[in-house]
Amino acid sequence: MIYIDEKLCKGCDICIFICPANVFESSNKLNERGYTIPIPIREDKCIKCHLCELICPELAIHIVDEDGEG
Ligand code: SF4
Ligand code: SF4
(Lines give C-alpha, C1' and ligand atoms only; values in the text may rest on other atoms or scores of the structure.)
(Ligands and ions follow the chains in the order given, each with its own letter.)
Protein backbone atom coordinates (compact mmCIF):
# COMPACT_ATOMS: atom_id res chain seq x y z
CA MET A 1 0.00 0.00 0.00
CA ILE A 2 1.16 3.52 -0.78
CA TYR A 3 0.17 6.10 1.79
CA ILE A 4 0.63 9.79 1.11
CA ASP A 5 0.16 12.13 4.04
CA GLU A 6 -1.64 14.82 2.09
CA LYS A 7 -1.16 17.40 4.84
CA LEU A 8 2.65 17.10 4.57
CA CYS A 9 2.93 17.08 0.77
CA LYS A 10 4.23 20.29 -0.79
CA GLY A 11 3.48 19.33 -4.36
CA CYS A 12 7.10 19.19 -5.52
CA ASP A 13 6.34 16.23 -7.83
CA ILE A 14 9.73 14.62 -7.14
CA CYS A 15 7.99 11.34 -6.41
CA ILE A 16 6.38 11.42 -9.84
CA PHE A 17 9.73 11.78 -11.58
CA ILE A 18 11.74 9.41 -9.36
CA CYS A 19 9.43 6.41 -9.50
CA PRO A 20 10.85 3.79 -11.90
CA ALA A 21 7.42 2.21 -12.28
CA ASN A 22 5.60 5.43 -13.16
CA VAL A 23 3.15 4.87 -10.34
CA PHE A 24 2.28 8.49 -9.57
CA GLU A 25 0.29 10.98 -11.58
CA SER A 26 -0.01 14.67 -10.87
CA SER A 27 -3.48 15.83 -9.96
CA ASN A 28 -5.53 18.95 -9.47
CA LYS A 29 -6.34 17.93 -5.91
CA LEU A 30 -5.21 20.56 -3.41
CA ASN A 31 -4.29 19.87 0.19
CA GLU A 32 -5.09 22.28 2.98
CA ARG A 33 -1.87 24.21 2.30
CA GLY A 34 -2.87 24.73 -1.32
CA TYR A 35 -0.39 22.31 -2.87
CA THR A 36 -1.34 19.86 -5.58
CA ILE A 37 -0.83 16.32 -4.37
CA PRO A 38 0.23 13.34 -6.49
CA ILE A 39 -2.01 10.30 -6.83
CA PRO A 40 -0.57 6.74 -6.89
CA ILE A 41 -2.81 5.91 -9.81
CA ARG A 42 -0.82 2.82 -10.89
CA GLU A 43 -0.23 1.41 -7.43
CA ASP A 44 -0.42 -2.14 -8.82
CA LYS A 45 2.84 -1.42 -10.72
CA CYS A 46 4.77 -0.55 -7.55
CA ILE A 47 7.91 -2.66 -7.09
CA LYS A 48 8.39 -1.50 -3.48
CA CYS A 49 11.79 0.02 -4.15
CA HIS A 50 11.04 2.70 -1.52
CA LEU A 51 12.71 5.41 -3.63
CA CYS A 52 9.73 7.72 -3.35
CA GLU A 53 9.63 7.22 0.39
CA LEU A 54 13.33 8.05 0.70
CA ILE A 55 13.35 11.01 -1.68
CA CYS A 56 10.23 12.85 -0.50
CA PRO A 57 11.53 15.99 1.22
CA GLU A 58 8.48 16.10 3.48
CA LEU A 59 8.57 12.39 4.45
CA ALA A 60 4.98 12.27 3.29
CA ILE A 61 5.09 8.85 1.58
CA HIS A 62 4.98 5.49 3.28
CA ILE A 63 5.18 2.17 1.49
CA VAL A 64 3.60 -0.53 3.61
CA ASP A 65 3.66 -4.22 2.77
CA GLU A 66 0.45 -6.19 2.83
CA ASP A 67 1.39 -7.64 6.22
CA GLY A 68 1.75 -4.15 7.66
CA GLU A 69 5.54 -4.08 7.67
CA GLY A 70 7.25 -1.01 6.21
S1 SF4 B 1 7.81 13.99 -3.15
FE2 SF4 B 1 6.56 14.22 -1.29
S3 SF4 B 1 6.18 16.41 -1.13
FE4 SF4 B 1 6.85 16.03 -3.22
S5 SF4 B 1 4.94 15.72 -4.39
FE6 SF4 B 1 5.66 13.70 -3.73
S7 SF4 B 1 4.55 13.30 -1.78
FE8 SF4 B 1 4.44 15.50 -2.20
S1 SF4 C 1 8.20 2.27 -3.91
FE2 SF4 C 1 9.31 2.57 -5.86
S3 SF4 C 1 7.97 1.68 -7.42
FE4 SF4 C 1 6.72 1.98 -5.58
S5 SF4 C 1 5.75 3.99 -5.86
FE6 SF4 C 1 7.67 4.32 -4.69
S7 SF4 C 1 9.25 4.78 -6.23
FE8 SF4 C 1 7.49 3.87 -7.29
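**View 1. Contacts and overall fold of the chain.** Of the contacts in the chain with a separation of 6 or more, 55% join residues that are 24 or more positions apart, where two residues are in contact if their C-beta atoms, placed from the backbone, lie within 7 Å. This is a predicted model, in which local features need pLDDT of at least 70 and side-chain atom pairs count only at pLDDT 80 or more, while totals for chains, interfaces and linings use all residues. Residues are numbered from 1 along each chain as its sequence is written, and chains are lettered from A and ligands numbered from 1 in the order in which they are written. The chain has two helices and two strands, and along the sequence these follow the pattern β-α-α-β; helices (H or I, at least four residues) and strands (E, at least two) are DSSP runs, numbered from the N terminus. The C-alpha atoms occupy a box of roughly 35 × 20 × 20 Å along the principal axes. The radius of gyration of the chain is 11 Å, which agrees with the value near 11 Å for a compact globule with 70 residues; this radius is taken over C-alpha atoms, and the globule rule is 2.2 Å times the number of residues to the power 0.38.

**View 2. The largest nonpolar core.** Buried residues make up 19% of the 70 residues in the chain, and a residue is called buried if 20 or more other C-beta atoms lie within 10 Å of its own, exposed if 12 or fewer, and partly exposed in between, with C-beta atoms placed from the backbone. The largest nonpolar core has eleven residues, among them I4, C15, F24, C52 and I61; such a core is a set of buried Ala, Val, Leu, Ile, Met, Phe, Trp, Tyr and Cys residues joined through C-beta atoms within 7 Å. In soluble globular proteins, nonpolar side chains tend to be buried together. Leaving aside residues up to four places away in sequence, C15 touches F24, P38, C52, I55, C56 and I61.

**View 3. The surroundings of ligand 1 and ligand 2.** Around ligand 1 there are 14 residues, of which C9, C12, I14, C15 and C56 are the closest; a residue counts as near a molecule if its C-beta atom, placed from the backbone, lies within 6 Å of it. This shell divides into ten nonpolar, one polar and three charged residues, where Ala, Val, Leu, Ile, Met, Phe, Trp, Tyr, Cys and Pro count as nonpolar, Asp, Glu, Lys and Arg as charged, and the others, Gly among them, as polar. Ligand 2 also has 14 residues around it, and C19, V23, C46, C49 and C52 come nearest. The shell around ligand 2 consists of twelve nonpolar residues, one polar and one charged.

**View 4. Two residues with positive phi.** Most residues other than glycine have a negative phi. D13, which is not a glycine, has a positive phi of about 70°, and D13 is found in the loop between β1 (2-4) and α1. D13 counts as partly exposed because there are 15 C-beta neighbours inside 10 Å. H50 has a phi near 70°, also positive, and lies in the loop between α1 and α2 (51-55); with 13 C-beta neighbours inside 10 Å, H50 is partly exposed.

**View 5. F17 and R33.** F17 belongs to helix α1 (residues 14-18) and is exposed, because 11 other C-beta atoms lie within 10 Å. R33 is in the loop between α1 and α2, and R33 is exposed with 12 other C-beta atoms within 10 Å.
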